[in-house]
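Reader: Could you please take me through this model? I would like to start with how its strands are arranged.

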Amino acid sequence: MKGDCVKEKQEDAKDKQLDAYRVNNDGTKMTTNQSVKVSEDETSLKAGVRGPTLLEDFHLREKITHFDHERIPERVVHARGYGAYGEFELYHSMEKFTSAGFLQKAGTKTPVFTRFSNVVGSKGSADTVRDVRGFAVKFYTEEGNFDLVGNNIPVFFIQDAIKFPDLVHAIKPEPHNEIPQAASAHDTFWDFVANNKETAHMVMWLMSDRSIPKNLRMMEGFGVHTFRLVNAEGKAHFVKFHWKPALGVHSLVWDEAQQISGKDPDYQRRDLWTSIENGHFVEYELGVQMIEEKDEFMFDFDILDATKLWPEEIVPVQIFGKMTLNRNVDNVFAETEQVAFHPGNVVPGIDFTNDPLLQGRLFSYIDTQLIRLGGPNFTGIPINQSICPFHNNQRDGYSRQTINVGQVSYHRNSLANNTPSTSTAKEGGFVHYQEKVEGHVIQARSDSFKDFYSQARLFWNSMSKPEKKHIIDAFSFELGKVESRSVRQQNVDMFVHVDKEMATVIARNIGVNPPTGEQSTISESSPALSQANTPSYPYTLNVGVLIGDGFPIEEVKETIRTLEEVGANVTLIGEEIGNVVSVENIQGSVTQTFLTTDAVLYDSLYVVGGKAKNQAKFNSDIQNFIDEAFRHYKPIGIATTGEPLFTASNASRGPGVLLASENPNFDEAFVEAVGKQRFWDRDIY
């Protein structure tokens, strides 16, 4: 048997384990943390009703002490995060490639916890800033915990972990004034970029739509690094892990993202929470790109370089399972904030490579948990516990969760019959992959890591026309915020090596000299990198219905029914919260007003119109909603009663604008448009 694990249905194991830690105070009597019943919780113990408070009030001291220490240090990076539970189901056996127990038998279900996060901003920053998103998954397997700690971008800024503190210092708010928050549009970040050319590829991704995902359900996830899968015979393959969202990869428009930050800074976490609460469970398929060891050096890039990807057209992604997130957390602090991920948490059959960025992370993550979570016993926190029992000779330390009995706390002993004893590979013991290593002790970087522009050019070549425009706009916005003209010029002179036309336009936009260098000669592209090639569905998208009294019930009812049949979320928006009444005197329920919500919070609009108490303001509010949605390339459906409002707006007829009076199959056509999500060929005023 692999692993010394309790025998119960694995998909229920973690949930049952956590049950012992869940506390519901409904109907219970208050006690101290020592279980002493409390008789007074409103007034502290005093010497007389107006006298000094007494130190002997142990309940006061315990309550205040706990409050004083309720906050733990926030993560330096990935501080703003949100998580959910779920399960991973294996489609087919991966036994040929790995001995990992949870990847052996088709249909095996493994409980998981996933934390999504922003990288740069503090815990209190907004969701929709331009940033990399963390995508970390903890698999509670029968052989121990496996953590796949990745991002929504497949490459990284730097090649060696020794530069990670420098990168983070540069991208964080500048130290002299702690400005700007959760943003890379400032001097120190772009100074770092210009003086560290290895960042070129990642910066292209950061300036693309990938860094402003529509929501956490519609972004890819990547393990970033090259790992190994090792089978029972010891044969290894190099692999990269990929998460593919079931709903495709979609992004916000930059202006839209900025507005959402003010309208609803919790936009993405609210979307994840609400989707799961509504039963719209979140799905991602897991796959690997795989390279045999004999082919390690056959590519024009180094497969251990974290600033390089493996083009999917050359090394296809092999899908082997699906993760479904189906339960929200009970307590964000206890679970999402205290979860401790570590890329070094692997199980037999999954191993590391010599990627120098990965090698440094194997130290950094566990070192971080020690200060954040109060010492070496953070693995005893419920969210971090394996579903299997653990046995070792470790003792003591802050917040020890176990009471270890017996006199022996060392290996190789006779007093306890040499227990706990080690396991052989056949018994499920982890055996590191044996790789021949030789060379001089040296601080140097392989020449194979020194091509900084080819894949940045590959990414640019792969973008659609709208995506390229968005990249230029992003560079122009970000570098336009840089005060140092020298830094602006250095970056233009750097990115000319990616594309000369792009860099020339950026130079003009930010007021520096045109670049004089030459672009990379790479002509290849990778269609898998463009969001223009992603699937699109109306399922779970949010449709705002702008409505007032006197609406045509049959027309509106049929359109809403059609939207709901495909799983779209429909919200009625009106002048006041409450009922609206159709011309046939049938009521509908308005749950949002033009004051409590905004067009940027919806994926599309259905304009019905109607009567209101303040008709002029009602009409003006609807027209503003139409203008906003039109400007962000969103689909807009116009009911017969909504046409005067559309005509009075600044929007115009064209792609993605559908009028019920002109379309006999309006409902189906509108649903199709909602699923498409953006109409980039629209003539924006």
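Author: An open sheet is built from six strands in the order 15-12-11-16-17-18, with parallel pairing. Helices (H or I, at least four residues) and strands (E, at least two) are DSSP runs, numbered from the N terminus, and two strands pair if DSSP finds at least two bridges between them. The model is a predicted one, in which local features need pLDDT of at least 70 and side-chain atom pairs count only at pLDDT 80 or more, while totals for chains, interfaces and linings use all residues. Residues are numbered from 1 along each chain as its sequence is written, and side-chain values use heavy atoms, with hydrogens and water left out.

Reader: Which strands stand at the edges of that sheet?

Author: They are strand 15 (592-593) and strand 18. Each has a single partner strand, so one side of each is left without a neighbour in the sheet.

Reader: How many bridges pair strand 16 with strand 17?

Author: Three bridges pair strand 16 (residues 604-609) with strand 17 (residues 636-638), in the parallel sense. Within that pair, tyrosine 606 stands opposite glycine 637 of strand 17.

Reader: What comes just before strand 18 (657-659)?

Author: A loop runs between helix 16 (643-648) and strand 18, and proline 655 has its place there.

Reader: Is proline 655 buried or exposed?

Author: Neither word fits, because its relative accessibility of 30% makes proline 655 partly exposed. Buried means under 20% relative accessible area, exposed means over 50%, and partly exposed lies in between (1.4 Å probe, protein chains only).

Reader: And what does proline 655 touch?

Author: Not counting residues up to four places away in sequence, proline 655 touches Phe679, Asp681 and Arg682. Contact here means heavy atoms within 4.5 Å.

Reader: Let us change topic. How many residues of strand 3 are buried?

Author: Nine of the nine residues of strand 3 (residues 133-141) are buried. Arg133, Phe135, Val137, Phe139 and Thr141 point one way from the strand, whereas Gly134, Ala136, Lys138 and Tyr140 point the other way. This illustrates a general pattern: in a regular strand the side chains alternate between the two faces of the sheet.

Reader: What does strand 3 pair with?

Author: Seven bridges join strand 3 to strand 2 (residues 109-118), and the two run antiparallel. Strand 3 also pairs with strand 4 (residues 144-151) in the antiparallel sense, over eight bridges. Lysine 138 takes part on both sides: phenylalanine 113 has lysine 138 as its bridge partner in strand 3, and the partner of lysine 138 in strand 4 is aspartate 147. A hairpin of two residues leads from strand 3 to strand 4.

Reader: Now the helices, please. Which residues of helix 4 are buried?

Author: They are Asp187, Phe189, Trp190, Phe192, Val193 and Ala194, which are six of the eight residues in helix 4 (residues 187-194). Among the elements that cover them are helix 3 (164-171), helix 5 (200-206), helix 11 (465-480) and helix 12 (485-495).

Reader: Where does Trp190 appear again?

Author: Trp190 belongs to the largest nonpolar core, which has 55 residues. With Phe157, Met204, Phe475, Phe495 and Met502, Trp190 is among those with the most contacts inside this core. A nonpolar core is a set of buried Ala, Val, Leu, Ile, Met, Phe, Trp, Tyr and Cys residues joined through side-chain atoms within 4.5 Å. Helix 4 is one of the elements that give two or more residues to this core. A second, separate core has 38 residues, including Phe139 and Val288.

Reader: What about empty space? How much lies in the largest pocket?

Author: The largest pocket has a volume of about 1,900 Å³. Its lining has 49 residues, and Gly144, Pro389, Phe390, His391 and Asn392 lie nearest its centre. On a 1 Å grid over the protein atoms alone, a pocket is an open set of points with protein on both sides within 12 Å along at least five of seven lines, a cavity is a set of points where a 1.4 Å probe fits but cannot get out, and lining residues have an atom within 4 Å of a point. Grid points are joined across faces, edges and corners, and a volume is the space filled by probe spheres set on the points.

Reader: And how many cavities are there?

Author: There are five cavities of 30 Å³ or more, and the largest holds about 150 Å³ of space. Strand 7 (residues 236-245) gives the most to the lining of the largest cavity, with four residues.
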